[in-house]
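Me: I'd like to get better at reading aromatic contacts in a model. Could you walk me through some?

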Amino acid sequence: MAEQTRDRVGRLNNKVIDKRRCKRRRIRSTGAAPNPMALQRLFLSCRQVFEGPGTVPSPDHVQKLCRILDGMVPADVGLSKDHPFFKPKTPVEGKPRITQTIIYQCKNFSLCIFFLPATAVIPLHNHPGMTVFSKLLLGTMHIKAYDWADPGKLDESVLASQRRLARLKANSVFTAPCSTSVLYPTSGGNIHAFTAITPCAVLDVLGPPYSKEDGRDCSYYRDIPYSALPNGEITAVKEEGESYGWLEEIEMPEESRMEVIQYPGPRIMEVTS
């Protein structure tokens, strides 16, 4: 992710960063030697795959990026399982703070890494008009994801407090190394939450990135069991064998305020075609 314009309270991918409380620090790489060409291949492929807002990568392009990401290891972005962050000697007290580092960002896509201490949570949040590839590099985490039950009938003018029916797409524990997950603008679990069971590092590719100015602001939700509310006429969209829940938009939770750290890995070489 590239340099962005920031005010006193900055935004990073429209997740607010309170700069008065942010501390710039570095996670140094240790262990296996990185392979800079893996990251470079990912970058060059992203430039080819992501054609800008309003477009979704073709199935062939999705497979291409997945193959690259599936083959990447922590050392490719300057990380190691032996780093003290991934082997804490004492448990984290209170609500652990999540950190984020930007590898690259342009108007069409961004590459970033999220670092989640054990028990840290990225609450349910959406990715409007975006295709996102997530690669768990290190650790074990629980992922819960939803799609709107009937996205074609969503009315953006509906009050944010109104509960909407959503189809559960994932509710499982994943341990690195595992396959890359992909979400799309209206499918694949576009609204998801991460809960770290152990310290985790997640490499995300977002196309296009969040942009409030372009209508891609990040919204947060809480989920309510389907059986907890009357279903009314909405039951018509339910499909047999599927699990559902109600999502209600909320203000950005305090734990979503992320610290920005310096990217520790190999640099991308921007070459002109």
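Reply: Let's go through the ring contacts here, keeping in mind that this is a predicted model.

Me: Where do I start, and how many aromatic pairs are there?

Reply: Aromatic ring pairs are described by two things, the distance of the centres and the angle of the planes. This structure has 10 such pairs. Take Phe43 and Tyr104: their centres are 4.9 Å apart and their planes are at 70 degrees, an edge-to-face pair.

Me: Which parts of the chain does the pair of Phe43 and Tyr104 tie together?

Reply: Phe43 belongs to helix α1 (residues 36–49) and Tyr104 to strand β3 (residues 99–105), so the contact ties together parts 61 residues apart in sequence. Both Phe43 and Tyr104 are buried.

Me: And what about Phe50 and Phe133, how are those rings arranged?

Reply: Edge-to-face again: Phe50 and Phe133 are 6.3 Å centre to centre, with 80 degrees between the planes. Phe50 is in the loop between α1 and α2 (59–70) and Phe133 is in strand β6 (residues 131–138), so this pair ties together parts 83 residues apart in sequence.

Me: Are Phe50 and Phe133 buried or exposed?

Reply: Phe50 is buried, at 5% relative accessible area. Phe133 is buried as well, with a relative accessibility of 0%.

Me: Which residues do ring pairs link into a cluster?

Reply: Phe43, Phe50, Tyr104, Phe109 and Phe133.

Me: What sits over the ring of Trp148?

Reply: That's the charged end of Arg164, 5.4 Å from the ring centre. For a charge to count as sitting over a ring, the distance has to be within 6 Å and the direction within 35 degrees of the ring normal.

Definitions and conventions. Residues are numbered from 1 along each chain as its sequence is written. This is a predicted model: local features need pLDDT of at least 70, side-chain atom pairs count only at pLDDT 80 or more; totals for chains, interfaces and linings use all residues. Side-chain values use heavy atoms; hydrogens and water are left out. Rings of Phe, Tyr and Trp (its six-membered ring) pair if their centres lie within 6.5 Å; planes under 30 degrees apart count as stacked, over 60 as edge-to-face and the rest as tilted. Helices (H or I, at least four residues) and strands (E, at least two) are DSSP runs, numbered from the N terminus. Buried means under 20% relative accessible area, exposed over 50%, partly exposed in between (1.4 Å probe, protein chains only).
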